[in-house]
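Work through the exercises below with the sequence and the 3D view open. Each task is followed by a solution in steps.

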Amino acid sequence: MGSLLLDGVGKRYGTAVAVERVDLDVRQGEMVALLGPSGCGKTTTLRMVAGFVAPTTGRVLIGGADVTQAPPHARDTGMVFQSYALFPHMTVAANVAFGLEMRKVGRAEREQRVREVLRLVRLEGLEERLPRQLSGGQQQRVALARALVVNPAVFLLDEPLSNLDAKLRGEVRMEIRALQQRLGLTTLIVTHDQEEALTMADRLVVMDRGRVRQVGTAEELYERPADPFVAGFVGRCNLVEGALEAPGAFRATTGALLPCAPGSAALGRRILALRPEHIALAPAPSPASNGAARLKAVTYLGALTEYHLELDGTPLLAIRPTPPADDPLRRLSPGDAVRLSWEASAARLLSAEPTDQQGA
Amino acid sequence: MAALVLPAGILVALLLVAPMVLLFRISLNEFSPTQMMVEATTAANYLRAVGDPYYRSVLLTTLAVALGSTLLALTLGFPAAYWLARMQSRWKSLATIVVLFPLLVGNVVRAAGWLALLGNGGAINATLLGIGVIAAPLPLIYNTGAVVAGIVAVVLPYMVLTLAAVIEGIPRQVEEAASNMGAKPFTVFRRVVLPLALPGVAAGSVLVFVLCMNTYATAVLLGGPRFKMMAPAVYDQFVRGNNWPFGAALAFILLTITLVLTVFGSAALGRRYRRRLAEETT
């Protein structure tokens, strides 16, 4: 058991930067997700914690001890690989027992702990199977069991759900989170799936091109994104380029005037971020009506409906709960004029230049 | 589909099975110094080969050299094969060519080169004698060590490439998982890499062992006139002694022993691997 501290960790390959700099403090029992598109450096960061990649700068501390120079086998991390990486020539029981064997745990205790952890991941009765005789979901649980059984100081998950089908993924997500909380494991999970990160982690680290863009809880990232990248990556978001003309008045480059939060922000070039669910619609009396938007397309999604709109040349997406069948909104069709409205405070102004904020 | 196998099948039948049958028939004939060969059905040639201490020692030498060379090739070849298999860079194809390169040089040419280097009048001895470090030439060739070294140099590429092909199939992440679970590098090798590479170890060893058992040029050129292995002995009987029946019997003994050891060796390797696995994991 222990905390995990990344202190200015970076990795370069020659002149190519894989990870610019990551500062991160994962508290005992906390689950933190590294989230970002492929190539953002999240997997390299995880591999630096496991010891498979040597950082070119910074330090890795596990439970307060500097392990930057320690080889992987001396680090007390338990990792679940994306490919599971089970030992194909060993039975399920042998796979799970391997880490205990390496830790010189006696046979009787070993057998008992293997039994317990297999019950925990619901694999009782499959002890003598070989990995190739198991389904993908079962293999995944063996990989979990193998990493959990040694009670690692840091639990590492590398895209653990990406090889499962959608239905199983939701289930396993809940299971992993429940296990992690029950066992109080300090956990770092790498994922490119924002839903996975939002539902599983206590805090998220959004990365892009080797840099940390923002660290925070799901709510913080969603409601107060630090920059357009985070706003666009976590959840869906309308990002409109333009400039702040006067407090509360944002002029898009297309000419549309959009109300926004009347804060003390300096005037000038900005990006306006507006979540699609914050845009309310009402049928407009006539197409010529001033300030009305035009409906381009409607996508019915059951509980929700997506409205693809255009306001003076600026494309906007609105997502609303599907209105009741007798609502006039249900009779809208592409080409119709609609009036849009939103709380000014919902439209956030972000710096047009990508920032390097490391909020926490 | 089966028809596709036919051309190769006919070729093998004509060029391998037919001569073998013929050879076996000859091995049962009697030798006659005047008529060369007398039609007969006798085991006399086999009994002579087994009973004669000289031929027994030739057979033992052959077995010892082949076994030793195979083990040496395996020991030297595994690290090289691992390194080659795990190579990521653009130099990998170049490295493969370098490994293959010795195969471009024929056995005879290579052994002749070694003679020029290691012989009594060769480069090394001439130099050492010239600067007065030694008074008499060092016995660098015409001994078992020279033959084994020569054979290993010939067969190493086969071993390395066979092993590398299998090691490449072992996912890197499986090794990482083992070290993540606390296994030190040698333990990762012993518990994960070696067991998973065992099919390659078996295939490479069988291939190399068969090549070693049938060594001819290297044994003759680096072993010298008094060093005898089976293949040169067979040649001697056919060409110098004109004793085809006895030569055929020697050839068949060589063939049978190679075959039996190969089959049982690889079967035993598989069994032992499974048993050890079971022991360590229960």
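**Exercise 1.** Which residue follows H1(A), and what is the sign of its phi?

Solution. The model is a predicted one. Step 1: go to helix H1 of chain A, residues 42–50. Step 2: move on to the residue that follows H1(A), which is Gly51(A). Step 3: read its backbone angle; the phi of Gly51(A) is positive, near 100°.

**Exercise 2.** Decide why H1(A) is described as largely enclosed by the rest of the structure.

Solution. Step 1: recall the cut-off, by which a residue is buried if 20 or more other C-beta atoms lie within 10 Å of its own. Step 2: go through the helix; the buried residues include Lys42(A), Arg47(A) and Met48(A). Thr43(A), Thr44(A) and Thr45(A) are buried too. Step 3: conclude that H1(A) is largely enclosed by the rest of the structure, because nine of its nine residues are buried.

**Exercise 3.** Is Val17(B) buried or exposed?

Solution. Step 1: locate Val17(B) in helix H1 of chain B, residues 2–27. Step 2: take its count, which is 11 C-beta neighbours inside 10 Å. Step 3: apply the cut-off of 12 or fewer for an exposed residue. Val17(B) therefore counts as exposed.

**Exercise 4.** Trace the strand pairing from S11(A) through S12(A) to S13(A).

Solution. Step 1: strand S11 (residues 238–246) and strand S12 (residues 249–252) of chain A run antiparallel and are joined by four bridges. Within this pairing, Gly242(A) stands opposite Ala252(A). Step 2: look at the turn of this hairpin, where two residues lie between the strands and Gly248(A) has a positive phi of about 85°. Step 3: continue to strand S13 (residues 257–259), which is antiparallel to S12(A) and joined to it by three bridges. Here Arg251(A) has Leu257(A) as its bridge partner. Step 4: this second hairpin has four residues between its strands, and Gly255(A) takes a positive phi near 110°.

**Exercise 5.** How many residues does each chain give to the contact between chain A and chain B, and which element of chain B gives the most?

Solution. Step 1: the contact takes 22 residues from chain A and 16 residues from chain B. Step 2: on the side of chain B, the elements that give two or more residues are H8 (172–180), H9 (185–213) and H12 (244–281). Step 3: H8(B) gives the most, with six residues. Step 4: sort the residues on this side of chain B by type, which yields nine nonpolar, five polar and two charged.

Terms used
Residues are numbered from 1 along each chain as its sequence is written. Chains are lettered from A and ligands numbered from 1 in the order in which they are written. This is a predicted model: local features need pLDDT of at least 70, side-chain atom pairs count only at pLDDT 80 or more; totals for chains, interfaces and linings use all residues. Two strands pair if DSSP finds at least two bridges between them. Two residues are in contact if their C-beta atoms, placed from the backbone, lie within 7 Å. Ala, Val, Leu, Ile, Met, Phe, Trp, Tyr, Cys and Pro count as nonpolar, Asp, Glu, Lys and Arg as charged, and the others, Gly among them, as polar.
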